[in-house]
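Me: I should like to learn how to read the features of a protein structure, beginning with its sheets. Could the structure be shown before we start?

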Amino acid sequence: FLRKKGIAKASKKMSRTASEGLALVKENNGIISLIEINSETDFVAKNQDFINFCKELSEINFKVKSNLKELNKSKMGNGITVEDNLVNLIAKIGEKITIRRSDSFDNSSGKNFFYVHSAIEKGIGKIISMVKIDGISKENENIGVKIAMHIAASNPLAIDKDGIDETLINKELEIIKAEITNSGKPAEMAEKISKGKISKFLNDNSLLNQIWIMDPKKKVSEILNDKSSDKKLKILDFVRYKVGEGI
């Protein structure tokens with residue numbers, strides 16, 4: 001009866017928007033996993049029951065290598081599955097709670113680093129980034145966390161210009177052209193200006209071309225060159241979570 005009541009209560013809340021919550025990171029032997037769990041309000045994100053639930057989810061997420069389907073079916077410490085515990089928590093707290101996304105980096109190639117911005121506890125915050133870098137040695141390993149920090153601050157869309165989604169570029173170009181045309185400039189001038197603006201957009205949003213947060217005179221690509229030792233430093237992958245972003 002209580003379970004049915006909990007499900008009914010939870011299903012009523014699923015049409016609401018949950019854009020607050022927490023992001024959590026777990027690291028062990030160079031393997032890193034990341035998960036975001038959302039709530040409707042920041043008050044719930046500070047609730048100890050919610051925090052404890054998120055912490056246990058982060059541990060399970062690490063074990064299942066960020067497979068959300070497997071995560072939902074996994075049993076928690078109380079012997080109940082994650083999905084049933086989620087229903088019970090929604091019924092208890094009275095807000096929509098969702099497990100939004102998860103990612104993992106294995107330790108098969110490169111070295112992994114992470115950064116938690118304004119952590120409320122170890123490995124828990126609102127913005128978390130992780131990055132995989134090849135060419136790390138003892139001489140330059142301190143650059144890893146700094147690059148993760150840069151990613152958290154600068155929010156790149158891709159490692160380089162080629163990695164930015166073409167649909168996004170075309171949409172940005174459309175907006176730029178409309179802005180220039182509406183300002184009354186002739187078509188040929190609009191074409192020229194739009195090329196310059198889209199080039200800036202690509203540079204601002206590709207990690208290697210971004211201005212390094214710790215030295216505005218250099219780009220990230222130049223920092224990688226400067227810090228390379230026996231082997232050239234190369235960013236293989238990165239992920240950045242900002243709680244509620246895009247919801």
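Reply: Please note at the outset that this is a predicted model. A sheet may be read by the order of its strands and the sense of their pairing. Here, four strands form an open sheet in the order S3-S2-S1-S5, with antiparallel pairing.

Me: Which strands are the edge strands of that sheet?

Reply: An edge strand pairs on one side only, and in this sheet the edge strands are strand S3 (98-105) and strand S5 (124-125).

Me: How many bridges join each pair of strands, S2 with S3, S1 with S2, and S1 with S5?

Reply: Let us take the pairs in turn. Strand S2, residues 31-39, pairs with S3 in the antiparallel sense over seven bridges. S1 and S2, also antiparallel, are joined over nine bridges. Between S1 and S5 the antiparallel pairing extends over two bridges.

Me: Which residues stand opposite one another in these pairs?

Reply: One example may be given for each pair. Leucine 34 has aspartate 103 in S3 as its bridge partner. Isoleucine 31 in S2 lies opposite asparagine 28, and isoleucine 124 in S5 lies opposite leucine 24.

Me: How should I think of the side chains along a strand?

Reply: As a general idea, side chains in a regular strand alternate between the two faces of the sheet. For this sheet, one may then ask what lies across the strands. Helix H3 (residues 48-63) lies across strand S1 (20-28), S2, S3 and S5, and runs at about 145° to S2.

Me: What is the order of the strands in the other sheet, the one containing S4?

Reply: Three strands form this open sheet, in the order S4-S6-S7, and their pairing is antiparallel. Strand S4 (111-117) and strand S7 (234-242) are its edge strands, each pairing on one side only. From one strand to the next, the twist averages 15°.

Me: How many bridges pair S4 with S6, and which helix lies across this sheet?

Reply: S4 pairs with strand S6 (residues 127-134) in the antiparallel sense over seven bridges. Within that pairing, asparagine 112 stands opposite lysine 132 in S6. Helix H6 (residues 143-154) lies across S4, S6 and S7, running at about 135° to S6.

Me: How does one read the packing of two helices, and at what angle do H7 and H8 pack?

Reply: One considers the angle, the distance between axes and the residues that touch. Helix H7 (residues 166-182) packs with helix H8 (residues 187-205) at an angle of about 140°, and their axes are 9 Å apart. The two helices are therefore oblique to each other, and H7 passes H8 in a right-handed crossing. On the H7 side the contact includes Leu168, Ile169, Leu173 and Ile176, while the H8 side includes Ala190, Ile193, Phe201 and Leu202. The residues of this contact divide into ten nonpolar, two polar and four charged.

Me: What does the sign of phi tell a reader, and which value does asparagine 29 take?

Reply: Most residues other than glycine have a negative phi. Asparagine 29 is not a glycine, yet its phi is positive, at about 50°. Asparagine 29 belongs to the hairpin of S1 and S2, which has two residues between the strands. With a relative accessibility of 62%, asparagine 29 counts as exposed.

Me: Where is lysine 65 placed, and is lysine 65 buried or exposed?

Reply: Lysine 65 sits in the loop between H3 and helix H4 (68-73). Phi of lysine 65 is also positive, near 55°. Lysine 65 is exposed, its relative accessible area being 69%.

Me: Is asparagine 85 buried or exposed, and which residues does asparagine 85 touch?

Reply: Asparagine 85, in helix H5 (residues 82-93), has 11% relative accessibility and so counts as buried, the cut-off being under 20%. Leaving aside residues up to four places away in sequence, asparagine 85 touches Phe53, Met76, Asn78 and Ile80.

Me: Finally, how many helices and strands does the whole chain contain?

Reply: The protein chain has nine helices and seven strands. Its C-alpha trace spans about 70 × 55 × 25 Å along the principal axes. Of the 247 residues, 42% are buried. Among contacts with a separation of 6 or more, 66% join residues 24 or more positions apart.

Methods: Residues are numbered from 1 along each chain as its sequence is written. This is a predicted model: local features need pLDDT of at least 70, side-chain atom pairs count only at pLDDT 80 or more; totals for chains, interfaces and linings use all residues. Side-chain values use heavy atoms; hydrogens and water are left out. Axes are lines fitted to C-alpha atoms, for helices over the stretch in contact, and angles run from 0 to 180 degrees between N-to-C directions. Angles under 35 degrees count as roughly parallel, over 145 as roughly antiparallel, 65 to 115 as roughly perpendicular and the rest as oblique. A crossing is left-handed if the near helix is turned anticlockwise from the far one by less than a right angle, and right-handed if clockwise. Contact means heavy atoms within 4.5 Å. Ala, Val, Leu, Ile, Met, Phe, Trp, Tyr, Cys and Pro count as nonpolar, Asp, Glu, Lys and Arg as charged, and the others, Gly among them, as polar. Two strands pair if DSSP finds at least two bridges between them. Buried means under 20% relative accessible area, exposed over 50%, partly exposed in between (1.4 Å probe, protein chains only).
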